[in-house]
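Me: Please take a close look at the internal empty space in this model. Then set it beside the way the helices pack.

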Amino acid sequence: MPPTTTDAQGAPPTGSDSTLRPPSVDRVLSHAALQALIATHGRTEVLEATRAVLAELRTPAARAGASPRSYAPEALAGSIGARLAARDRPGLRRVFNLTGTVLHTNLGRAPLPESAIAGLELAARHPTNLEYDLGEGRRGERDELVEELLRELTGAEAATVVNNNAAAVLLALNTLALRKEAIVSRGELVEIGGSFRIPDVMARAGAKLHEVGTTNRTHLRDYAEAIGPRTRLLLKVHTSNYEVHGFTAAVAQPDLAELAHRHGLPLMVDLGSGALVALERWGLPHEPTTQEALRDGADLVTISGDKLLGGPQAGILLGRRGLIEQIRRNPLKRALRLDKLRLAALEAVLRLYRDPDHLDERLPTLRLLARKPGELEAVAARLAPLLQAQLAGRYVVAVARCESQVGSGARPSDRLPSVGLAIRPAVRGRGAGGALESLTAALRELPVPVIGRVAEGALLLDLRCLEDEPTFVRQLGALRIGQSSARAEPP
Ligand SMILES: *Cc1c(COP(=O)(O)O)cnc(C)c1O
């Protein structure tokens, strides 16, 4: 149905200055330039956007500054089109992570390897044998897709996977210590990422937390004295995101395992990051591996899929077959299970570990962690002049040595030497803070937002995680720095 109009159609509302008014909604909608937008977005969306644009033009401020051109159909169609495009933009967007934290929880942690992306796509597009045994022609177990690989890679007797490591801890405690006790050191009652607190998870799992020792010192006898008839397991948590220095004591895992086993109890280790290979091989600081935890007597180990493993969000439980089977039978397992997309991605990532020699080429997380300052210096040398040209007169861009961190609970004190671009406002003193804020805001408004970190009066763009230079460079021309920034006089 053609749009109805109240105004006379045809002549654009331009030309008269004294009686300048925005045109009516119907009049705008009837213009040819709007028909293309209606064909793409639908009439309802275009009507909404038109109303919103016209409402903005009717404000006293807008009317005071209006000219015949502001009401020209082409100008209005442009604003309406831009509004619709902004509405169409997905909420979840790609960003450049130049924060220097490789596994940044707020920015989605591990980027996936190509083979995992292919797996995701296949599982998204087609029916799969997710829970179907193709050999036997009957129902199968979804866990089996990755259990064999996990056993092979870690030497664990059995394995199962759930939504994330928080879910793995919840499920394990609910299965093994419901209405009973788990003993844990006060020095390991960690909070991770502001929302995952071991004590809270244990409470929701229905397990009573028996805390032993003090924040800085816990001895084997503290555990031994706490073991009683209600004890169901000993728990060791890898205190990944903080360290206690000075007068400290923690019980070595083999000693704890020996104590647990003497009392017929399992030792559970929440390893968090849980590498599957020794990272020293690539010149990186040591992170406890899953194999070490198992070798040192853990009966059950839980790790994240999207931390050092470099895969999709997932929680992996590895250990004794009896315990894993008990965990699988818990009805909560169904509520916490992994979906087919992430199972496909996880399987592909685990496969890469069969060939450690090529792991740093194929697994993006490891590739980024292993990048050397020399390579990053070359990136910085290419980018600094381009960025400086874009910011001429207002900011000074310098190549700077900096330090990246692994992130997501890997030891925060282990720093990776890196190279970045340090950007400082050309003006000093008053106005410099505002100028820095304008710059960080403008970088966030780019088509692919750029997220850096502000430190010591500069915005630092750590280049460790910048691999797609062409996209970064191409969008520099779109950088628009707000009016609030302090402008230095041109030299
Ligand atoms: C990160 C971490 C968790 C939570 O893992 P998610 O996969 O983020 O749920 C639990 N425990 C430890 C020790 C961790 O480092």
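Reply: A cavity is a set of grid points where a 1.4 Å probe fits but cannot get out, and its lining residues have an atom within 4 Å of a point. This is a predicted model. With a 30 Å³ minimum, the structure holds 2 cavities.

Take the largest cavity. Its space comes to about 60 Å³. Which residues line the largest cavity? From the stretch starting at Ala275 come Ala275, Leu276, Val277 and Leu279. Leu308 and Tyr353 also belong to the lining. Leu363, Thr365, Leu366 and Leu369 complete the list. By class, 9 of these residues are nonpolar and 1 is polar. No charged residue takes part in the lining. Thr365 is in the lining, and Thr counts as polar.

Now the helix packing. Two packed helices are described by the angle between their axes and the distance between the axes.

Start with α6 (residues 114-125) and α15 (residues 340-352). Their axes lie 8 Å apart, at an angle of about 150 degrees. Angles over 145 degrees count as roughly antiparallel, so α6 and α15 are roughly antiparallel to each other. Their crossing is right-handed. On the α6 side, the contact uses Ser115, Ala116, Gly119, Leu120, Ala123 and Ala124. On the α15 side, it uses Lys340, Leu341, Arg342, Ala344, Ala345, Ala348, Val349 and Leu352. This contact has 10 nonpolar, 2 polar and 2 charged residues.

Next come α8 (residues 165-176) and α13 (residues 321-329). Here the angle is about 100 degrees and the axes are 9 Å apart. The two helices are therefore roughly perpendicular to each other. Leu171, Ala172, Thr175 and Leu176 of α8 meet Leu323, Gln326 and Ile327 of α13. The contact of α8 with α13 divides into 5 nonpolar and 2 polar residues, with no charged ones.

Last, α2 (residues 32-41) and α3 (residues 43-57). Their axes come within 7 Å and cross at roughly 130 degrees. These helices are therefore oblique to each other. From α2, the contact takes Leu34, Leu37, Ile38 and His41. From α3, it takes Arg43, Glu45, Val46 and Thr50. The classes here are 4 nonpolar, 2 polar and 2 charged.

To return to the cavity: its lining has 9 nonpolar residues, 1 polar residue and no charged residues.

Technical notes
Residues are numbered from 1 along each chain as its sequence is written. This is a predicted model: local features need pLDDT of at least 70, side-chain atom pairs count only at pLDDT 80 or more; totals for chains, interfaces and linings use all residues. Side-chain values use heavy atoms; hydrogens and water are left out. Axes are lines fitted to C-alpha atoms, for helices over the stretch in contact, and angles run from 0 to 180 degrees between N-to-C directions. Helices (H or I, at least four residues) and strands (E, at least two) are DSSP runs, numbered from the N terminus. Angles under 35 degrees count as roughly parallel, over 145 as roughly antiparallel, 65 to 115 as roughly perpendicular and the rest as oblique. A crossing is left-handed if the near helix is turned anticlockwise from the far one by less than a right angle, and right-handed if clockwise. Contact means heavy atoms within 4.5 Å. On a 1 Å grid over the protein atoms alone, a cavity is a set of points where a 1.4 Å probe fits but cannot get out, and a pocket is an open set with protein on both sides within 12 Å along at least five of seven lines; lining residues have an atom within 4 Å of a point. Grid points are joined across faces, edges and corners, and a volume is the space filled by probe spheres set on the points.
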